[in-house]
Amino acid sequence: MERENKVWWKNAVGYQIYIRSFSDSNNDGIGDLKGITNRLDYIKSLGVSFIWICPFYDSPMDDNGYDVRNYYKVDKSYGKMTDLEKLIREAHARDIKVVIDLVLNHTSDENEWFVKSEKKVEPFTDFYVWKDGKVVDGKLCPPNNWVSFFSGPAWKYSEKRKQYYLKIFSNKMPDINYENETAFSEMEKVIDYFGELNVDGFRVDAIAHIGKDLTFADAKNIKKTYKSFSNLPNTHEYLKRFNRAFARNNMVTMGELGGDPTKQDLIKYTTQKELDMIFSFEHTNIFTKNHMINRKALFKALKYKEGLSDSNGWSVLFWLNHDYPRLISKIRNVCDPKNAQICLAGLMYMLKGTPIIYNGEEIGMENYQFKKPSDFKDVNAKMIFENTDNIDEAFNNLKETTRDHSRTIMQWDGSKNAGFSEVKPWSYVNENYKKCNVEKAMKNKDSILNHYMQLLNIRNSVGQELIDAKYRLWMKGAVIGYSIDTISQIIEVVANLGEKEKKLKLNGETLYSNMNIADNLKPYQIVIAKRNK
Ligand code: GLC
Ligand code: CA
């Protein structure tokens with residue numbers, strides 16, 4: 001236990017980079033590896049100790065790189081393997097660790113493993129999940145009723161092989177069959193390869209889904225067919241095997257656990273030595289339809305997350321990633337969205353666990369105004385339109401929820417294309433970039449950026465003590481807070497999430513406040529104080 005708590009990642013702050021939208025070093029409109037290397041000093045200045053880079057592998061970009069064609073090659077739009085090596089060296093020289101995305105659930109249909117599998121070339125014949133179709137009323141239909149996360153059937157027919165392959169995401173992302181030995185050994189080679197390159201760890205993509213219900217029976221509840229490929233016992237079995245490869249390379253893992261896992265499921269992943277850290281998503285529904293904060297749901301989510309970091313589990317603390325709209329837009333109808341975001345950040349990132357900031361969050365980047373269905377770039381949105389009869393309804397929904405919001409161009413300064421590139425970027429630049437950008441935020445003491453830096457600075461200064469601390473979370477009306485009982489001190493975090501002033505009673509030394517301290521907590525004021533024991 002003692003040794004376990006000395007691991008670097010329990011006292012670390014991460015920064016997630018959506019490479020395509022982050023920084024373009026060669027002016028082709030696409031972010032790249034060198035672009036990230038160029039920005040390492042900025043990243044370091046935030047108080048970050050590791051980065052997580054979204055996939056940069058060779059890919060036809062059906063899902064912007066989550067569809068991997070070749071794991072051993074950097075996509076030509078992102079650079080070369082030597083650029084990755086340089087990025088790792090430069091990051092390490094600044095004491096920043098490097099975590100990369102590892103996609104184990106599926107590959108691209110252009111991956112040579114799939115090309116061979118489709119032609120039944122051994123040993124790849126059963127590398128993917130192939131099944132015969134069912135004939136219903138004389139018509140060939142998919143093997144069962146499972147539905148893709150991106151909408152429509154979870155199966156696609158291959159004319160070549162005259163069989164269906166499972167694809168729980170896009171049509172071009174066939175699922176791997178881990179009942180197949182070759183699938184394991186090929187993926188273990190991938191893990192070893194990046195271990196050799198000195199990569200410090202993996203964010204393991206869509207890992208809850210690698211095990212399928214091997215009876216392939218119809219799901220009873222058509223709305224929840226994902227239960228047939230989420231958090232099943234075989235997922236845990238496969239992960240135990242992968243864990244040996246992670247461990248021999250001394251790599252940390254953070255697993256994305258979608259598909260409605262129970263708390264018990266989540267705890268299993270870490271206590272059974274399968275993954276080090278878990279991403280769970282209960283906090284993504286704390287926002288009301290009216291773009292306010294549902295305080296009760298927030299309190300519950302914070303408590304849940306904190307609880308996951310006990311009993312040998314460890315939770316990633318995050319508000320955003322590349323699959324969700326921007327935080328400040330989710331709470332745009334509160335009286336003070338900026339300070340409300342700072343409150344949410346403070347409450348989340350002082351919990352027990354490892355905070356990860358998503359690029360652009362730290363300057364309060366906002367959602368983009370999509371005007372028509374053809375504006376969307378994301379394959380998920382495209383599939384939703386393909387599978388609906390009600391385009392208007394789908395559009396109104398996607399306007400708020402599309403993953404494209406999080407993938408707009410990083411806003412560095414007020415120059416053309418927000419300082420990202422000299423040419424027109426592949427995605428949209430939010431029209432607010434002249435007001436909302438890194439350069440401007442750096443100069444403004446009261447910017448979200450400066451508040452994040454202060455919060456992360458406090459977090460870093462007490463991080464080691466938080467690992468073994470006892471947390472007590474409480475809620476009184478609109479005020480949510482917690483006390484952190486560490487070995488040497490008591491730290492109090494208190495935030496007023498209401499729109500009226502509230503009495504403030506805090507003793508000890510104030511470490512941080514986003515507004516002047518008075519007798520009352522102002523709306524969306526957060527205070528962190530400490531006293532010695
Ligand atoms: C994960 C990623 C998402 C991707 C999907 C399929 O959920 O976060 O962006 O589309 O897996 O790889
Ligand atoms: Ca580029």
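Me: Is Gln-525 buried or exposed, and what is its relative accessible area?

Reply: A residue is called buried when its relative accessible area is under 20%. In this predicted model, Gln-525 has a relative accessible area of 0%, and therefore counts as buried. The residue belongs to the loop that runs between strand E21 (520-521) and strand E22 (526-532). A polar atom of the Gln-525 side chain lies 3.1 Å from the backbone oxygen of Met-515.

Me: Where in the chain is Leu-351 found, and is it buried or exposed?

Reply: Leu-351 is found in the loop between helix H11 (337-349) and strand E15 (354-358), and with a relative accessible area of 0% it is buried. A sequence position does not tell you which parts of the chain meet in space, and for that you can look at distances between C-alpha atoms. Leu-351 and Arg-459 are 108 residues apart along the chain, while their C-alpha atoms are separated by 9.3 Å.

Me: Which residue is paired with Asn-180 in such a comparison, and how many residues lie between the two positions along the chain?

Reply: The partner is Thr-125, 55 residues apart from Asn-180 along the chain, with 9.3 Å between the two C-alpha atoms. Asn-180 sits in the loop between strand E10 (163-166) and helix H6 (181-196), and it is buried, having a relative accessible area of 12%. Strand E10 also holds Gln-163, which is buried at a relative accessible area of 13%. From C-alpha to C-alpha, Gln-163 and Pro-143 are 9.4 Å apart in space, although 20 residues apart in sequence.

Me: How many residues does the largest nonpolar core have, and which of them have the most contacts inside it?

Reply: The general idea is that in soluble globular proteins nonpolar side chains tend to be buried together. Here the largest nonpolar core has 163 residues, and those with the most contacts inside it are Tyr-15, Ile-51, Phe-56 and Phe-194. Helix H15 (residues 448-466) gives the most to this core, contributing 9 residues. There is also a second, separate core of 8 residues, with Phe-385, Ala-394, Phe-395 and Leu-398 among them.

Me: How many residues surround ligand 1, and which are the closest?

Reply: A good way to read a binding site is to begin with the shell and then turn to single contacts. Ligand 1 is surrounded by 13 residues, the closest being Asp-63, Asp-205, Glu-256, His-322 and Asp-323. By kind, the shell divides into 4 nonpolar, 2 polar and 7 charged residues. As for single contacts, a polar side-chain atom of Arg-203 lies 3.0 Å from an oxygen atom of ligand 1, an N or O atom in the side chain of His-322 is 2.9 Å from an oxygen atom of the ligand, and for Asp-323 the corresponding distance is 2.5 Å. Taken alone, ligand 1 exposes 310 Å², of which the protein buries 96%.

Me: Which protein donors does the calcium ion (ligand 2) have, and how are the donor residues spaced in sequence?

Reply: To read a metal site, you list the donor atoms and then see where their residues stand in the chain. The protein donors of the calcium ion are Asp-24 (OD), Asn-26 (OD1), Asp-28 (OD), Ile-30 (O) and Asp-32 (OD), lying 2.2 to 2.3 Å from the ion. Their spacing in sequence is D-x1-N-x1-D-x1-I-x1-D. Among these donor residues, Asn-26 is partly exposed, because its relative accessibility is 47%, whereas Asp-32 is buried, with a relative accessible area of 3%.

Me: What is the phi of Met-61, and what is the peptide bond from Glu-122 to Pro-123, cis or trans?

Reply: As a general rule, most residues other than glycine have a negative phi, and most peptide bonds are trans. Met-61, though not a glycine, has a positive phi of about 65 degrees. Met-61 lies in the loop between strand E3 (57-58) and strand E4 (70-74), and it counts as buried because its relative accessible area is 16%. Ala-206 likewise has a positive phi, near 45 degrees, and is placed in the loop between strand E11 (201-205) and helix H7 (233-248), where it is buried at 3% relative accessibility. The bond from Glu-122 to Pro-123 is cis, with omega near 5 degrees, and Pro-123 is found in the loop between helix H5 (112-118) and strand E6 (130-131).

Terms used:
Residues are numbered from 1 along each chain as its sequence is written. Chains are lettered from A and ligands numbered from 1 in the order in which they are written. This is a predicted model: local features need pLDDT of at least 70, side-chain atom pairs count only at pLDDT 80 or more; totals for chains, interfaces and linings use all residues. Side-chain values use heavy atoms; hydrogens and water are left out. A residue is near a molecule or strand if one of its heavy atoms lies within 4 Å of it. A polar contact is a pair of N or O atoms within 3.5 Å; within protein, one must be able to donate a hydrogen and the other to accept it, and residues adjacent in sequence count only if both atoms are side-chain atoms. Accessible areas come from the Shrake-Rupley method with a 1.4 Å probe; for residues, only the protein chains shown count as cover. Ala, Val, Leu, Ile, Met, Phe, Trp, Tyr, Cys and Pro count as nonpolar, Asp, Glu, Lys and Arg as charged, and the others, Gly among them, as polar. Donors are N, O and S atoms within 2.8 Å of the metal (3.2 Å for Na, K and Ca); water is not among the atoms, so sites may look incomplete. Buried means under 20% relative accessible area, exposed over 50%, partly exposed in between (1.4 Å probe, protein chains only). A nonpolar core is a set of buried Ala, Val, Leu, Ile, Met, Phe, Trp, Tyr and Cys residues joined through side-chain atoms within 4.5 Å. Helices (H or I, at least four residues) and strands (E, at least two) are DSSP runs, numbered from the N terminus.
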